[in-house]
Amino acid sequence: MDRPGALNRVRSAVRDFAAAYLPDADRWCVALSGGPDSLALTAAAARVLPTTALIVDHGLQPGSRAVAESAADQAIELGCVGARILSVAVGTAGGPEAAARTARYTALDDARAGAPVLIGHTLDDQAETVLLGLGRGSGPRSIAGIRPYDPPWCRPLLARRRAETEAACAELGITPWRDPHN
């Protein structure tokens with residue numbers, strides 16, 4: 001039986017998600033930025049199924065390659081069966097955030113080799129998405145927020161707070177990367 005604690009709550013969320021949405025999965029990938037959400041997700045995912053970490057290097061910040069290499073090393077230490085750094089060229093369509101998101105999701109889709117991809121969005125991201133949608137005057141789809149399962153994209157942490165992923169990283173004794181643009 002798992003002991004109570006943030007890490008075990010994150011692990012339970014991942015196990016419950018797998019049982020509900022991916023009962024026949026034999027492997028998966030995780031999108032790893034090196035931040036607390038994706039690191040906690042990676043640690044939990046690697047305990048459930050063979051996990052390959054996919055680290056996107058947008059090349060938009062000085063030292064981005066070193067950040068990606070550090071995340072890849074952490075993934076292996078956390079039990080992933082593999083870690084791949086995906087270098088992308090970010091365009092300009094839709095503005096910098098949209099262009100980076102498009103490049104990221106394209107790279108993840110190309111690299112996943114048919115496996116589902118776990119993404120570390122949390123309840124905090126969900127709230128932000130809904131509030132931004134309301135602020136833009138978007139319709140019902142935006143107000144509905146982020147979908148937990150939109151194949152191949154899987155978001156098992158949507159019911160967990162960012163504070164839990166931070167605490168899970170602390171329990172693991174790992175230091176997450178702090179994106180200055182996030």
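This is a short guided walk through the structure shown above, beginning with the whole chain and moving on to single residues. Please keep in mind that the model is predicted.

Let us begin with the overall layout. The chain holds seven helices and six strands. Starting from the N terminus, you will meet these elements in the order α-β-α-β-α-β-α-β-α-α-β-β-α. The chain has 182 residues, and 46% of them are buried. If you take the contacts between residues with a separation of 6 or more, 70% of them join residues 24 or more positions apart.

Now look at the pair formed by helices H1 and H2. H1 covers residues 6–21, and its axis comes within 9 Å of the axis of H2, crossing at roughly 55 degrees. That angle makes H1 oblique to H2. The crossing is also right-handed. Which residues of H1 and H2 meet here? From H1 come Val10, Arg11, Val14, Arg15 and Ala18. On the H2 side, their partners are Ala40, Leu41, Ala44, Ala45, Arg47 and Val48.

H1 also brings us to the other end of the chain. Helix H7, residues 162–172, contains Glu164. Is Glu164 buried or exposed? Its relative accessible area is 12%, and because buried means under 20%, Glu164 counts as buried. Leaving out residues up to four places away in sequence, Glu164 touches Ala6, Arg9 and Val10. Val10 is one of the H1 residues that meet H2 as well.

Helix H3 is a good place to pause. H3 runs over residues 64–77, which makes 14 residues. At 1.5 Å a residue the helix should span 20 Å, and the C-alpha atoms at its ends are indeed 20 Å apart, so the expected and computed values agree. Buried within H3 are Ser64, Ala68, Ala71, Ala72, Gln74 and Ala75. These residues cover an arc of only 160 degrees around the axis, so they lie on the same side of H3. A general point helps here: an α-helix has 3.6 residues a turn, so residues three or four places apart point the same way. What do the buried residues of H3 pack against? Their partners are helix H2 (36–48), strand E2 (51–57) and strand E3 (82–87). After H3 comes Gly79, which has a positive phi near 110 degrees.

Moving along the chain, we reach Val90 in the loop between E3 and H4. Val90 has a relative accessible area of 24%, so it is partly exposed. Apart from neighbours within four places in sequence, Val90 is in contact with His58, Leu60, Pro96, Ala99, Ala100 and Ala103. Arg104 lies 14 residues from Val90 along the chain, and the C-alpha atoms of the two are separated by 8.5 Å.

Two more loops deserve a look for their backbone. Ala113 sits in the loop between helix H4 (96–111) and strand E4 (117–118). Although Ala113 is not a glycine, its phi is positive, at about 50 degrees. Its relative accessibility is 60%, so Ala113 counts as exposed. The other loop lies between strand E5 (149–150) and strand E6 (153–154), and Pro152 is found there. What kind of peptide bond joins Pro151 and Pro152? The bond is cis, with omega at about 5 degrees.

Methods. Residues numbered from 1 in each chain as written. Predicted model: local features only at pLDDT ≥ 70, side-chain atom pairs only at ≥ 80, totals over all residues. Heavy atoms only, no water. Helix = DSSP H or I, 4+ residues; strand = E, 2+ residues; numbered from the N terminus. Expected span 1.5 Å × (residues − 1). Buried < 20%, exposed > 50% of the residue type's maximum accessible area, 1.4 Å probe, protein only. Arc of directions from axis to C-beta. Contact = heavy atoms within 4.5 Å. Axes fitted to C-alpha atoms, helices over the stretch in contact; angles between N-to-C directions. Parallel < 35°, antiparallel > 145°, perpendicular 65-115°, else oblique. Left-handed = near helix turned anticlockwise from the far one by under 90°.
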